[in-house]
Each structure stands twice: as C-alpha cells, then as structure tokens.
Amino acid sequence: MTMLTAGLALLMAAAAPPAAPEIHCKGHEDNLATYQAISKILFNDRDASRAGEFYADEFISHNSDLGGSEKMVSNPANMTRMWNKSLEEDPNRELIDNLIICKDDFVIAQVTLQGDRAGETLKGKPEGRQRFRASAIDMYRFKDGKVIERWGNADLVAIIRQIGLPVDMTIKPLPPED
Amino acid sequence: MTMLTTGLALLMLAGTAPEPAPETHCKGNEANLATYLQMSKFLFNERQAERAPEFYAPEVINHNNDGGGFGTSKVKPADMTGLWKYLQMIEPDRRIIDNVIICNGDLVAAQVTVTGSRDGKSLVGKPEGRRRYKVSAMDMYRFKDGKVVERWGNVDYFSQIRQMGLPVDISPTPLPPED
C-alpha cells in the first residue's frame, strides 16, 4: 500500500461512523425507538426545541449533570436550557451508544461522551480546543412514550482532568437524607 | 409516648431500620439477579474479598478502573480481591445500597447509592475525625455460567471528592487512546 492510499485509508477510518450499539430490547421496541430518537435529536443534534416531545411535563431527575445525586423534579424547559447551553459550550459533543438494555418501562444505555471545549474557557486558557472522551451510564423510565424519571453517572473527573474545566473543587456538605 | 420512649424509638429507627428492598425488573433472569445480590452482599458490603473467584470469571473485561478514567482492561479475581481488601482498609463503613436492578439477557444493571467515610488524616486539609460521603453510581455486569465476564460502571466521583476533599490530582491528563 502506498503512503497516499495508507493515508486515505486512515482518513476514511477516522470518518467512519461508530459501530452500532449492542441492543437487548426485544419486546420493548417502542421505548428503544424513543430512546434512540432522544439520542439523535437531543443528545447529538442538540435540537433543544424538541425536549417536550420526549420528556413528560414533570419528571424526576436523579442527576444534576454536573455531579451531585440529589433528586429533583424537572421539566422540558429545563432540558431545553441544558441542551442549548451544551450546544454553545460543546458544539462538537457526541454521545455514542455502546450498549442498550430495555426491560419493562426502563431503558439503560452505556455510552461514550466525547467533544471539546475552547481553551479560553478552561484553566490556564490553553491554545485551541481541548478534547475529552469519557464513559457514562444513563437510565430512563418511560411512560406513554416519554421520560418520567432519569438517572445517570458520567466520568466527570476524567473530563475535568482531560480538559481542565474551571470547576469549584471546594468541600461541599453531604446531601440531605431523602 | 413519653419523650424518653420517643427518643429511643427514633434511635432504633436511625440505627437499625433496614434499607427498603430494591426495585427489581428481572423476570426470567432470576439466576443472574441472585448472583448479583450475593455479590452485593458478600463483596460490595461485607468485603469478603477472598470470595471474589466465586463471582468473577478467571478473566474479566473491565471497562472501568474504579478511580475514573476511560479504557478497557482485563482483570482477574485476584485483582478484585485486592480492591475489596483495600476498600475495607480505607473505608471500613462503606456500603452500597441497591436502588433499582434491571436484568436482560446476560446483563444486569444496578443503580446504587454508595456511602462511606474516610479518615480526615488521608484527606485534603487533614480535617479532624472522619469525613462522610454519599453518591450515586450505575454498574453493569455481563454474566456467563454464573460469573461476571464483563463489567462497566460510573460513580459520581466528582461529588465524592467535593464531599470528602480527597487529595486527588486534577491536573490535566492526556486524552485516552482510541480503543
């Protein structure tokens, strides 16, 4: 193989779409389809205006998306704000589904998060953009085709270490008992 | 009820009330659920580290390094034994509470709460006494012939650091290599 064709092969491999996820959702195709629509339209396209199609008017959120495990009641407007902010800060962010399990009203997805942030927003203001890549697991409870409860954990420490986010690392109090 | 008996009742509730049973969705996968519940009891909570080979295959594909970070490695039961012994030493009161357990095919996923404490001497600022934490985590296991052959997991390590003040190094690190 010449250097030119080797280089072309590498470029093509870099542009190749991610492998299809491993799916265990037999009998739960509706919830799987809804989750995959959420994955594409909200998580990747960040079409924040469509949050109301996928989240119930009120749903229980067990993750704050920035660390913390307090339970709170959220709504599609909050998600719209979150996705708009995400698109602004991480325009190249991708969420890749690796493994999806469905059972009853639940969908669980093990995913890879990757993206980058502008150096000027990060500690030390490095030149250019800093990339990150980390794992996460998300869980959703569906009712009538919409999310009514969600949980999730992402490897935020790995993201912080990879890009140097200017996060507040001071000690904070233990969360209250439920 | 007098104040004394009320106080005693409250103490009893605080000290000894069992946790609520987890919500489980494992119909048709009862064997894997039972194995996972045993792991939860013997390994995660009682830290009977020497029993790791009962639950882990001789080689397990590991997608989490238990301290944050991306990548895949192969681990053996002896590695898990070492981990549980280490955790027993530094966090003797660590507990994992199963909240929701989902099973499908050869997979079990658990949404859990992790609580524990560490001696202040091992933490940033060396506070007096022990510093407690309470965070959420999600774990997934693939079983074959009754043993774990693959595992994934994410814990809210960021919150744990902030609650306890772990002396972690958060200076920037290189991006992990592509798998």
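The contact between chains A and B, the surroundings of A:Ile60 and the strand pairing in chain B are described here for a predicted model.

In this model, 38 residues of chain A are in contact with 37 residues of chain B. The side of chain A that touches chain B draws two or more residues from each of strand E4 (94-103), strand E5 (106-118), strand E6 (129-143), strand E7 (146-154) and helix H5 (156-163) of chain A. Of these elements, E6(A) provides the largest share, with 8 residues. When the residues on this side of chain A are sorted by class, 19 are nonpolar, 12 are polar and 7 are charged.

A:Ile60 lies in strand E2 (residues 55-61) of chain A. Because 15 other C-beta atoms fall within 10 Å, A:Ile60 is classed as partly exposed. Leaving aside residues up to four places away in sequence, A:Ile60 touches A:Lys71, A:Val73, A:Ile148 and A:Glu149. The C-alpha atoms of A:Ile60 and A:Val147 are separated by 8.9 Å, although the two residues are 87 residues apart along the chain.

In chain B, strand E4 (residues 95-104) and strand E5 (residues 107-119) pair in the antiparallel sense over 9 bridges, with B:Ile97 standing opposite B:Thr113 of E5(B). These two strands, E4(B) and E5(B), form a hairpin with 2 residues between them, and B:Gly105 in the turn has a positive phi of about 60°. E5(B) also pairs with strand E6 (residues 130-144) of chain B, again in the antiparallel sense, over 13 bridges, and B:Ala109 has B:Met140 in E6(B) as its bridge partner.

Terms used: Residues are numbered from 1 along each chain as its sequence is written. Chains are lettered from A and ligands numbered from 1 in the order in which they are written. This is a predicted model: local features need pLDDT of at least 70, side-chain atom pairs count only at pLDDT 80 or more; totals for chains, interfaces and linings use all residues. Two residues are in contact if their C-beta atoms, placed from the backbone, lie within 7 Å. Helices (H or I, at least four residues) and strands (E, at least two) are DSSP runs, numbered from the N terminus. Ala, Val, Leu, Ile, Met, Phe, Trp, Tyr, Cys and Pro count as nonpolar, Asp, Glu, Lys and Arg as charged, and the others, Gly among them, as polar. A residue is buried if 20 or more other C-beta atoms lie within 10 Å of its own, exposed if 12 or fewer, and partly exposed in between; C-beta atoms are placed from the backbone. Two strands pair if DSSP finds at least two bridges between them.
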